[in-house]
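Trainee: Could you take a close look at one part of this protein with me, and then work outwards from there? I would like to know how to read what I see on the screen.

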Amino acid sequence: MADSTPDGVQRRLPTDEARELLALTRDIARREIAPRAAEEEEAGRFPRELFTLLSRSGLLGLPYDPAHGGGGQPYEVYLQVLEELAAARLTVGLGVSVHSLSCHALARYGTDEQRAAHLPAMLGGGLLGAYCLSEPSAGSDAAALRTRAVRDGDGGDWVIDGTKAWITHGGIADFCTVMARTGEEGSRGITAFLVPGDAPGLGAAPPERKMGMKGSPTAQLHFDGVRVPDARRLGAEGQGFAIALDALDSGRLGIAACAVGLGQAALDAAVAYAGERRQFGRPIADFQGLRFLLADMATLIEAGRALYLEAARLRDEGRPFGRSAAMAKLFCSDAAMRITTDAVQVLGGYGYTADFPVERYLREAKMLQIVEGTNQIQRVVISRELLKGGK
C-alpha cells in the first residue's frame, strides 16, 4: 500500500506496523531532532540523548530479531526510517546506520550464547556501537590492516594492539566491533571481536576536525594491550574479513538511504525558498530555468529511493544484493552532492550562509561519497561483478 507523507513523499510500506513506525519516526524527527540540528551541529554537539530516545522507541535495532530486542523489520522498512532520520539531521541518521552496522557481526555470526548475552543491550538497551575496520594505512585496502590480536599463552584471552582510524562514535561508543589480524597477511588472517568501549587499554584521540557532520565524533581508537576473552571472538578465526565485507554490503544501503534523506531535505528547503523569494515582481519559482532545476533534483531523489529500495528487497528475499548495494550507495551519494549544490544555487547568496540549512547539507553530502567505501571503490565492486561472467 502506498502512503503519502506530509511532504508529499510516496512510500510503499508492507504492513500497518511499518506505517506506524514511519509515523513515529516522523513525529520524533519533527519534535526532537530537526529543531536542534543547526545549533548543535554548529556547536559540534553529539545528541546522545536522542539515541537513548530512539532506543526506547524501538528504532535502534529495527532489522534484527525480536527475540534479542530487535524490531524484526525488513530492510525496506528500516531504510525508510533511516531516510526520515537523515532528513531531519544526518548525524542521527548516519549514527543509527553505523550502530546497526556494528551489531551485524554478532547478530549474524555470533553463537546463540553470544547473542543472548549481548544483543538485547545493544539493540534496545540504550547502548551505542562503533565499527572498527579502517586504519591510518588501510582505508580502501582494508585487507592490509595491521592491528593485531594475539593469544595470551594457553589462556582464553586475546591481546589487541594497534590503531583504528575514521571511527564514527570513536571515544563515545559503548561497544566496538573490531577487525584485527590474528594470522597471515592478507584477507585470510583477520578475525572479528566484540570489544567493550571501556576496556582497559582502549583510548581515543581527539575527534577529527571535519568539513561537515561536526556533531558526529570521528576519531582514531588506540588499542594498547586490550584484553578480550575468546568468548567475545565473533565467527571463526580468519573469518573476520568476510564478516566485514558482508556487513558493509548492508551498511552501504544505510548510506544510500541517508543520502536520499539529505537530498530530500535540500529539495524541500529549495522549493520553500523558491515560493517565497520574489525577483522582477514575481516569485522565482515562476521562472522556467529554476523550475527545471527543481524537477531534476526531484527526479534524482525518486531514482535514488527506488534504487536503494530494490536492493533492500533483494536482501529481504535472501537474494544476492552486493552489486545493487554498491550501485545504490554510488548513485544516491553522488545525487545528494548534486542536489545540495543545486539547492545552494537556488538560494543564491543566502544559500552560502549558515543562516540557511542548505550550506550545511552541501558540506555533509561530501562525506557520503567517502564513507563506507569511496565511490571509486563502489565502481570497482560493480565492475568486478559485471565482468565475472566474462571470465
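Mentor: Glu364 is buried because its relative accessible area is 0% (buried means under 20%, exposed over 50% and partly exposed in between, using a 1.4 Å probe and protein chains only). Before going on, please keep in mind that this is a predicted model, in which local features need pLDDT of at least 70 and side-chain atom pairs count only at pLDDT 80 or more, while totals for chains, interfaces and linings use all residues. Residues are numbered from 1 along each chain as its sequence is written, and side-chain values use heavy atoms, with hydrogens and water left out.

Glu364 belongs to helix 9 (helices are DSSP runs of H or I with at least four residues, strands are runs of E with at least two, and both are numbered from the N terminus). Apart from neighbours within four places in sequence, Glu364 is in contact with Glu41, Leu90, Met213 and Leu262 (contact means heavy atoms within 4.5 Å).

Follow the chain onwards to Glu372, in the loop between helix 9 and helix 10. Glu372 has a positive phi of about 55° although it is not a glycine. It counts as buried, since its relative accessibility is 14%.

Glu372 also brings us to the largest pocket, which holds about 1,200 Å³ of space. Of the 48 residues lining this pocket, Ser134, Ile370, Val371, Glu372 and Gly373 are the closest to its centre. As background, rolling a probe the size of a water molecule over the atoms shows where empty space is left. Here the search runs on a 1 Å grid over the protein atoms alone: a cavity is a set of points where a 1.4 Å probe fits but cannot get out, a pocket is an open set with protein on both sides within 12 Å along at least five of seven lines, and lining residues have an atom within 4 Å of a point. Grid points are joined across faces, edges and corners, and a volume is the space filled by probe spheres set on the points.

Helix 9 (358-368) is one of the elements that supply at least two residues of the pocket lining, and the others include strand 5 (157-168) and helix 10 (375-387). The largest share, six residues, comes from helix 6. By class, the lining has 24 nonpolar, 10 polar and 14 charged residues (Ala, Val, Leu, Ile, Met, Phe, Trp, Tyr, Cys and Pro count as nonpolar, Asp, Glu, Lys and Arg as charged, and the others, Gly among them, as polar).

Next, look at a contact partner of Glu372. Val98 lies in helix 4, which covers residues 90-109. With neighbours within four places left aside, it is in contact with Gly129, Thr168, His169 and Glu372. Val98 is buried, as its relative accessible area of 7% shows. Its C-alpha atom is 7.3 Å from that of Thr168, although the two residues are 70 apart along the chain.

Thr168 leads on to Ser216, whose contacts beyond four places in sequence are Phe46, Thr91, Thr168 and Lys210. Ser216 sits in the loop between strand 8 (202-204) and strand 9 (218-229). At 2% relative accessibility, Ser216 counts as buried.

Helix 4 has a part in an enclosed space too. The whole structure holds one cavity of 30 Å³ or more, and the largest cavity contains about 60 Å³. Helix 3 (75-88), helix 4 and helix 6 (240-276) each give at least two residues to its lining, where Tyr64, Ser97, His104 and Gly251 are among the residues. That lining has five nonpolar, six polar and no charged residues.

For a contrast in exposure, try Phe280, in the loop between strand 11 (278-279) and strand 12 (282-283). Phe280 is exposed, because its relative accessible area is 78%. Its phi is near 55°, a positive value in a residue other than glycine.

Now zoom out to the whole chain. It has 10 helices and 12 strands, and buried residues make up 52% of its 391 residues. Of the contacts with a separation of 6 or more, 72% join residues 24 or more positions apart.
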